[in-house]
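Reader: Hi! I would love a close look at one part of this model, the place where two of its helices pack against each other. Could you walk me through that spot and then show me how the surroundings fit in?

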Amino acid sequence: MEALSLDLPGAAALLGIGALAGFMNVTAGGGSLLTLPLMVLLGLPSPVANGTNRLALIVQNVVAVS
């Protein structure tokens, strides 16, 4: 498996969309509709992008429950 090469615009897009998706998830849900396609567009394989997304959702739910 080759490493993902991320340039400055891609990193900025991930940061911005990630913040927006986090806000969406806290208020109404559905932030994955933004993050998953962006990660695939940036070159991550679909299963890896989905697993990365699930990890973030698990952390978010643990924090919300506590």
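Author: Happy to! The axes of helix 2 (residues 32–41) and helix 3 approach within 9 Å of each other, crossing at roughly 145°. Please keep in mind that this is a predicted model. Those two values are a natural place to begin, because a pair of packed helices is described by the angle and the distance between the axes. As for handedness, helix 2 and helix 3 make a right-handed crossing.

Now for the residues that meet there. On the helix 2 side the contacts are made by S32, T35, L36, M39 and V40. Facing them from helix 3 are S46, A49, N50, T52, N53 and L57.

Let us stay with helix 3, which covers residues 46–65, and look at two of its other residues. L55 lies in this helix and counts as exposed because its relative accessibility is 56%, where exposed means over 50%. Together with V59 and V63, L55 makes a nonpolar surface patch of about 300 Å².

A56 is also found in helix 3. A56 is classed as partly exposed because its relative accessible area is 45%, which falls between the cut-offs of 20% and 50%. From A56 you can also take a reading across the fold: G31 is 25 residues away in sequence, and the C-alpha atoms of A56 and G31 are 11 Å apart in space.

A second pair of this kind takes us to the start of the chain. S5 sits in the segment before helix 1 (8–27). With a relative accessible area of 68%, S5 is exposed. S5 and L44 are 39 residues apart along the chain, yet their C-alpha atoms are separated by 9.8 Å.

Stepping back, here is the setting for that crossing. The protein chain has three helices and zero strands, so from the N terminus on its elements read α-α-α. Its C-alpha trace spans about 35 × 25 × 15 Å along the principal axes. Of the 66 residues in the protein chain, 18% are buried. The accessible surface of the chain comes to about 4700 Å², and carbon and sulfur atoms account for 73% of that area. Finally, for contacts between residues at least 6 apart in sequence, 36% join residues at least 24 apart.

Definitions and conventions
Residues are numbered from 1 along each chain as its sequence is written. This is a predicted model: local features need pLDDT of at least 70, side-chain atom pairs count only at pLDDT 80 or more; totals for chains, interfaces and linings use all residues. Side-chain values use heavy atoms; hydrogens and water are left out. Patches are made of residues with over 30% relative accessible area and no salt bridge: like charges are joined within 9 Å, nonpolar side chains (Val, Leu, Ile, Met, Phe, Trp, Tyr) within 5 Å. Accessible areas come from the Shrake-Rupley method with a 1.4 Å probe; for residues, only the protein chains shown count as cover. A salt bridge is a side-chain nitrogen of Lys or Arg within 4 Å of a carboxyl oxygen of Asp or Glu. Helices (H or I, at least four residues) and strands (E, at least two) are DSSP runs, numbered from the N terminus. Buried means under 20% relative accessible area, exposed over 50%, partly exposed in between (1.4 Å probe, protein chains only). Axes are lines fitted to C-alpha atoms, for helices over the stretch in contact, and angles run from 0 to 180 degrees between N-to-C directions. A crossing is left-handed if the near helix is turned anticlockwise from the far one by less than a right angle, and right-handed if clockwise. Contact means heavy atoms within 4.5 Å.
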